[in-house]
Amino acid sequence: MRHFIDFEDMSTAEWNSLYSLASDIMAHPRDYVDALRGRVMASLFFEPSTRTNFSFQTAMLKLGGGVFGFADANTSSVSKGECLKDTITMCSSYADVITMRTPVEGMVKAASLYSACPVINAGDGGHLHPTQTLTDLTTITERRGSLENMNVGLCGDLKNGRTVHSLIRALSRFEGVSFFLISPRELAVPEYITKFLGEKGIRFVETTNLEATIPQLDVLYMTRVQRERFSDPAEYERLKGVYVLNAQKMKLAKREMMVLHPLPRVDEIALDVDPDPRACYFHQAECGLYVRMALLLTLASKEKARPEQSLPETRPHRCKNPRCITRTEAYLPVLDEDGVCGYCDSKLV
Ligand code: CP
C-alpha cells in the first residue's frame, strides 16, 4: 500500500495490522510521541471538515510531526487557476504525506498519480471516505471484538453518503455480515453497490421502515441527508428529517446494539439518545484519531519517490459524472476499466 485512496487498497492482513497498531497507540500513547519527528503532513482541504481535518492534524502532532496546508482553497494558488498536477507536484516535494478532502470525485486518485509522497483520501465528493471506514471498523471491533456475524443497518441518505459506500464494501469482506439498507427510495444506495452485494452473494434488504428493522440490528449506522449534494433545494426540504432516531425508538433495539454516525449530525439522532450507553458516535470520532495515527505511521515514514510523468492524454474521457475530476483536468490519463471510470467509479454510458 503506497497511497490510501479506497479501503480496497488495503488487504485484510494490512487492516488487522493497522487495527493492532491503533490499539497499541490507544493503550500506550507516550510510546509514540516522537515516532514521526521531522516528518511533515500537507493538509489540503477543499471542502469543510471538523473531525477528519482536526483528527489528522492532531494525529500528526501527537506523533511529533508537523503540519501545513489549508482549509480554504481560496488561500492557495488553486484560486489563481493552478492545475491539480502542479499543486500536488509542489506540495509533495515539501511534505512526507498528503491528506486531501474535496467535493470533486476521483480528485484524490488523480492527485496520487503526481505525488512523490503517499496521498490519503479524506473524502472525495459523494464517492469514498476510506479513513471514516477505518474509524467505523475500529469502533465496531473494539466494542464487539470482531467484524463477523452481525446485522448492520444503514439509515438515511444512502445515495450521497460516501461513508456508507465505503463501509458496505469493507464489511462485505467479513463472514456473516447482513445489510439492512433503510432509506427513502429517492436516497437509496447507488446501483453499483447493490450489484456488488448481489455478485458477492451477500444478504441485503432494502426498506423504508426504520422502526420495523431496528429489533434485528447489531449495529445501526445513521447518516444525515446531505444538503450540499442536492441540486434542487426543494427536494432537500422534502427529504430532510425523514428518519429521526430517538429514545423511544431505542426501546425497540437489542440491549447491545451499537449506534454509529460519522457526524456531523443535523436532526437524525435526537439529543435524548446521547446518554444511552449504546450511543457510540462520539467515541467513534475519538477512535478516528488513533486509527489515523496508525495510518500516518504506516505511510508517512516511507521513502519518497518521484512519480513517472506520463504525457498528457489525447483520447477524450467518457465519464458523464458532472462531479468527476476528469471533467475539469483534461490532461489526466484514461484509467477506465470494464465500462467504469477509473477515477470516480461511475458507469460509463
Ligand atoms: N465524519 C466526517 O467526515 O466529519 P467531517 O466532515 O467533520 O470531517
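The following paragraphs describe a predicted model, from its domains to its ligand site. Residues are numbered from 1 along each chain as its sequence is written, and side-chain values use heavy atoms, with hydrogens and water left out. Local features need pLDDT of at least 70 and side-chain atom pairs count only at pLDDT 80 or more, whereas totals for chains, interfaces and linings use all residues.

An automatic or database domain assignment gives domain 1 (7-125 + 289-309) and domain 2 (130-278). Their centres, taken over C-alpha atoms, are separated by 26 Å. To the contact (heavy atoms within 4.5 Å), domain 1 gives 23 residues and domain 2 gives 20 residues.

Both domains also take part in the shell around the ligand, each with at least three residues. Surrounding the ligand (a heavy atom within 4 Å of it) are Ser49, Thr50, Arg51, Thr52, Arg101, His129, Gln132, Pro262 and Leu263.

Several oxygen contacts of the ligand can be described as polar contacts (pairs of N or O atoms within 3.5 Å). Thr50 places a backbone N or O atom 2.7 Å from a ligand oxygen atom. Side-chain N or O atoms serve in two further residues: that of Arg51 lies 2.9 Å from an oxygen atom of the ligand, and that of His129 lies 2.8 Å from an oxygen atom of the ligand. Taken alone, the ligand exposes 250 Å², of which the protein buries 91%; these areas come from the Shrake-Rupley method with a 1.4 Å probe.

Note on methods: Polar contact = N/O pair within 3.5 Å; in protein donor to acceptor, adjacent residues only side chain to side chain.
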